[in-house]
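Student: I should like a close look at a single part of this protein, with its surroundings described in one connected account. Please choose the part and take me through its partners in turn.

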Amino acid sequence: MLAEGDIIETASGGFVQIEFDDGALLGLGESARLLLQPRLGRPGAGPRAYVLEGFTKARTGTDANATLALMSPRLDLDATAGAVVAQFNAKVVSVFAERGTARLNTRDASRTSLSTKAGEFATLPAGGRAR
């Protein structure tokens with residue numbers, strides 16, 4: 001059983017899928033690393049994970065307003081009522097919203113914010129702005 005604060009790492013060619021108690025799913029592709037984050041006194045809040053690198057696919061829980069948060073050194077991603085696929089590495093962060101909505105907030109001085117909806121793709125190159 002996984003707990004908040006656990007670090008999950010996949011090997012080359014590996015894959016892991018985590019199912020949370022609210023029905024949310026988080027899949028990790030090969031060579032991915034993440035830290036399960038506490039919900040920080042937010043009862044009923046969706047799962048949170050800090051992604052260090054790799055590909056992830058996240059699907060929110062079954063509630064129509066369910067949320068899920070993915071954080072990284074370069075940006076925070078909040079998904080609502082949907083599914084997102086994201087790539088996190090030192091050169092680029094890329095996000096595709098399969099369904100629902102996703103909001104990306106950069107952690108740099110610009111504090112750029114970008115919203116995506118189902119079918120949209122966003123990318124944040126190293127040293128660049130979200131687009």
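Tutor: The account below follows one strand, S5, and then the neighbours and core to which it leads.

The model is a predicted one, and the description should be read with that in mind. Strand S5 comprises residues 48-59 and runs antiparallel to S4, to which it is joined by five bridges. Within this pairing, Arg-48 of S5 stands opposite Gln-37. Strand S4, residues 33-37, has a further partner in strand S1, residues 7-9; these two pair in the antiparallel sense over three bridges. Here Leu-35 of S4 stands opposite Ile-7. S4 is therefore paired with S5 as well as with S1, given that two strands pair where at least two bridges are found between them.

The side chains add a second link between S4 and S5. Glu-53 forms a salt bridge with Arg-33, and their closest N and O atoms are 3.1 Å apart. This pair connects distant parts of the chain, since Glu-53 belongs to strand S5 and Arg-33 to strand S4, with their positions 20 residues apart. Glu-53 is partly exposed, at 31% relative accessibility, and Arg-33 is likewise partly exposed, at 31%. Side chains of opposite charge can pair when their charged atoms come close.

Another salt bridge leads from S5 in a different direction. Lys-57 pairs with Glu-98, with 3.2 Å between the closest N and O atoms. Again distant parts of the chain are linked: Lys-57 lies in strand S5 and Glu-98 in strand S8, 41 residues apart. Lys-57 has a relative accessible area of 41% and is partly exposed; Glu-98, at 35%, is also partly exposed. The structure holds four salt bridges. One of them lies outside S5: the side chains of Lys-117 and Glu-120 meet at 3.9 Å, N to O. Lys-117 is exposed, with a relative accessible area of 51%, because the limit for that class is over 50%. Glu-120, at 29%, is partly exposed.

Lys-57 and Glu-98 also share a contact residue, Val-84. Leaving aside neighbours within four places in sequence, Val-84 is in contact with both of them, and with other residues including Thr-56, Ala-58, Leu-77, Val-95 and Phe-96. This brings the account to the interior. The largest nonpolar core has 27 residues, and those touching the most other members are Leu-34, Leu-70, Leu-77 and Val-84. The elements that give two or more residues to this core are S3 (25-28), S4, S5, S6 (67-71), S7 (75-88), S8 (92-106) and S10 (121-125). Among these, S7 gives the most, with six residues. In soluble globular proteins, nonpolar side chains tend to be buried together.

Two backbone features complete the picture. Most residues other than glycine have a negative phi. Ala-81, which lies in strand S7, has a phi near 45°, a positive value. Ala-81 is partly exposed, with a relative accessible area of 28%, so it falls outside the buried class, which requires under 20%. Ser-31 is the second case: it is found in the loop between S3 and S4, and its phi, near 55°, is also positive. Ser-31 is partly exposed as well, with a relative accessible area of 39%.

Conventions: Residues are numbered from 1 along each chain as its sequence is written. This is a predicted model: local features need pLDDT of at least 70, side-chain atom pairs count only at pLDDT 80 or more; totals for chains, interfaces and linings use all residues. Side-chain values use heavy atoms; hydrogens and water are left out. Helices (H or I, at least four residues) and strands (E, at least two) are DSSP runs, numbered from the N terminus. A nonpolar core is a set of buried Ala, Val, Leu, Ile, Met, Phe, Trp, Tyr and Cys residues joined through side-chain atoms within 4.5 Å. Buried means under 20% relative accessible area, exposed over 50%, partly exposed in between (1.4 Å probe, protein chains only). Contact means heavy atoms within 4.5 Å.
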